[in-house]
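Biologist: I should like to learn how the features of a structural model are read. May we go through one together?

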Amino acid sequence: MTLPLVTIVDDEPEIRRVLTDALEEAGFRTQSFARAREFEAALKRVTPDVCLVDLSLPDTDGLALVHRLALEQGAAVIIISGRAQVQDRVTGLELGADDYITKPFDPAEVVARIRARLRPPRAQVAQSEVARFNGWTAYFDRYVLVDDSGAELPFSHAEGEVLRLFLESPKRLISRAQMQETLGGAAGDSFDRAMDVRISRLRTKLGEDPKNPRLIKTIYGAGYIFLGDVEWQ
């Protein structure tokens with residue numbers, strides 16, 4: 001069995017060393033890069049399972065790299081950054097990151113967050129990669145939504161996790177606690193904000209009226225219900 005591959009993109013040698021040691025001790029394979037261009041060249045040869053990306057890279061905007069990864073790669077993307085402002089977190093999540101960890105960090109927490117992202121799906125989850133609902137077709141193998149006209153709209157890995165959760169449990173209440181348990185991540189305001197961002201972006205892509213969404217309904221104080229009719233293929 002091939003061990004999961006985690007790539008580290010950070011220009012600080014000590015950060016790369018600490019993360020490499022912690023991850024390899026935990027049973028992961030690692031590759032580390034000081035520059036985004038080196039990392040992007042490596043992506044032509046291998047696809048990682050998780051990408052750890054610093055925002056302050058010397059040769060590119062870290063947020064732009066996160067956005068490209070979210071749209072073009074099947075890997076989970078976790079930002080590790082010294083930027084601790086709420087707006088930085090929100091922007092990173094809006095651009096498609098799965099998680100956001102601030103420096104300084106405990107390596108054990110990083111390992112735990114990665115394991116949460118790689119948690120295998122529940123046994124009852126449908127294994128199909130294509131789902132049809134209300135005029136849309138979701139292709140989870142390609143990370144795209146296709147409407148009735150054939151137009152394609154990409155979605156990120158993080159958005160896809162939430163969309164799959166909704167499509168697997170249509171017309172059933174999904175609480176925040178259930179989302180946290182299924183999708184992983186530390187419970188609390190950071191996780192809640194991440195879910196809010198992903199759901200808002202999904203609603204926008206599905207053409208939902210934010211004041212009166214038809215498909216993803218918020219049940220205040222309880223969670224969410226997906227009201228579409230879903231057919232897995």
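**Reading the model, beginning with Asp10**

Modeller: The backbone nitrogen of Glu12 lies 2.8 Å from a polar atom of the Asp10 side chain. Please keep in mind throughout that this is a predicted model.

Biologist: Where is Asp10 placed, and is Asp10 buried or exposed?

Modeller: Asp10 sits in the loop between β1 and α1 (13-25). Asp10 counts as buried because its relative accessibility is 2%, and the cut-off for that class is under 20%. When neighbours within four places in sequence are set aside, the contacts of Asp10 are Ile15, Arg16, Phe33, Ala34, Asp54, Leu57 and Lys103.

Biologist: How should a charged contact be read, and which residue forms a salt bridge with Asp10?

Modeller: In general, side chains of opposite charge can pair when their charged atoms come close. Here the partner is Lys103, with the closest N and O atoms 2.7 Å apart. This pair links distant parts of the chain: Lys103 belongs to the loop between β5 and α5, Asp10 to the loop between β1 and α1, and 93 residues separate them. Lys103 also counts as buried, because its relative accessibility is 17%.

Biologist: How many salt bridges does a search of the whole structure find?

Modeller: The search finds 17. One of them lies within a helix: the side chains of Arg17 and Glu14 meet at 2.5 Å, N to O. Both residues are in helix α1, three residues apart, which is about one turn of the helix. Arg17 is partly exposed, with a relative accessible area of 41%, and Glu14 is likewise partly exposed, at 45%.

Biologist: Which residue forms a salt bridge with Glu40?

Modeller: Arg68 does, and the closest N and O atoms are 2.7 Å apart. Arg68 lies in helix α3 (residues 62-72) and Glu40 in helix α2 (residues 36-42), so the pair ties together parts that are 28 residues apart in sequence. Arg68 has a relative accessible area of 29% and is partly exposed; Glu40 is partly exposed as well, at 30%. Returning to the earlier site, salt bridges that share partners join Asp10, Glu12, Asp54 and Lys103 into one network.

Biologist: How does one read a sheet, and what is the order of the strands in the open sheet of five strands?

Modeller: Strands of a sheet pair through backbone hydrogen bonds, either parallel or antiparallel. In this open sheet the order is β2-β1-β3-β4-β5, and the pairing is parallel. At the edges stand β2 (29-33) and β5 (99-102), each of which pairs on one side only. On average, neighbouring strands of the sheet are turned by 20 degrees against each other, direction ignored.

Biologist: How many bridges join strand β3 to strand β4, and which residue does Val50 stand opposite?

Modeller: Four bridges join β3 (residues 50-53) to β4 (residues 76-81), and the two run parallel. Val50 stands opposite Ala76 in β4. Helix α5 (residues 107-117) packs on the sheet and touches β1 (5-9), β3, β4 and β5, while its direction makes about 160 degrees with that of β4.

Biologist: Which residues touch the most other members of the largest nonpolar core?

Modeller: They are Phe133, Met179 and Ile216, in a core of 29 residues. Two or more residues come from each of several elements, including α4 (86-94), β6 (130-133), α6 (157-168) and β12 (223-226). Helix α8 gives the most to this core, with six residues. Another core, of 19 residues, lies apart from it and has Phe39, Leu43, Leu69 and Ala75 among its members.

Biologist: What should be checked in the backbone torsions?

Modeller: Most residues other than glycine have a negative phi, and most peptide bonds are trans. In this model, a cis peptide bond joins Lys103 and Pro104, with omega about -5 degrees. Pro104 lies in the loop between β5 and α5.

Biologist: What is the phi of Asn134, and what is that of Tyr143?

Modeller: Phi of Asn134 is near 45 degrees, a positive value in a residue other than glycine. Asn134 is in the loop between β6 and β7 and is partly exposed, with a relative accessible area of 41%. For Tyr143, phi is near 60 degrees, again a positive value in a residue other than glycine. Tyr143 is found in the loop between β7 and β8 (144-146) and counts as buried, at 17% relative accessibility.

Notes. Residues are numbered from 1 along each chain as its sequence is written. This is a predicted model: local features need pLDDT of at least 70, side-chain atom pairs count only at pLDDT 80 or more; totals for chains, interfaces and linings use all residues. Side-chain values use heavy atoms; hydrogens and water are left out. Two strands pair if DSSP finds at least two bridges between them. Axes are lines fitted to C-alpha atoms, for helices over the stretch in contact, and angles run from 0 to 180 degrees between N-to-C directions. Contact means heavy atoms within 4.5 Å. Buried means under 20% relative accessible area, exposed over 50%, partly exposed in between (1.4 Å probe, protein chains only). A polar contact is a pair of N or O atoms within 3.5 Å; within protein, one must be able to donate a hydrogen and the other to accept it, and residues adjacent in sequence count only if both atoms are side-chain atoms. A salt bridge is a side-chain nitrogen of Lys or Arg within 4 Å of a carboxyl oxygen of Asp or Glu. A nonpolar core is a set of buried Ala, Val, Leu, Ile, Met, Phe, Trp, Tyr and Cys residues joined through side-chain atoms within 4.5 Å.
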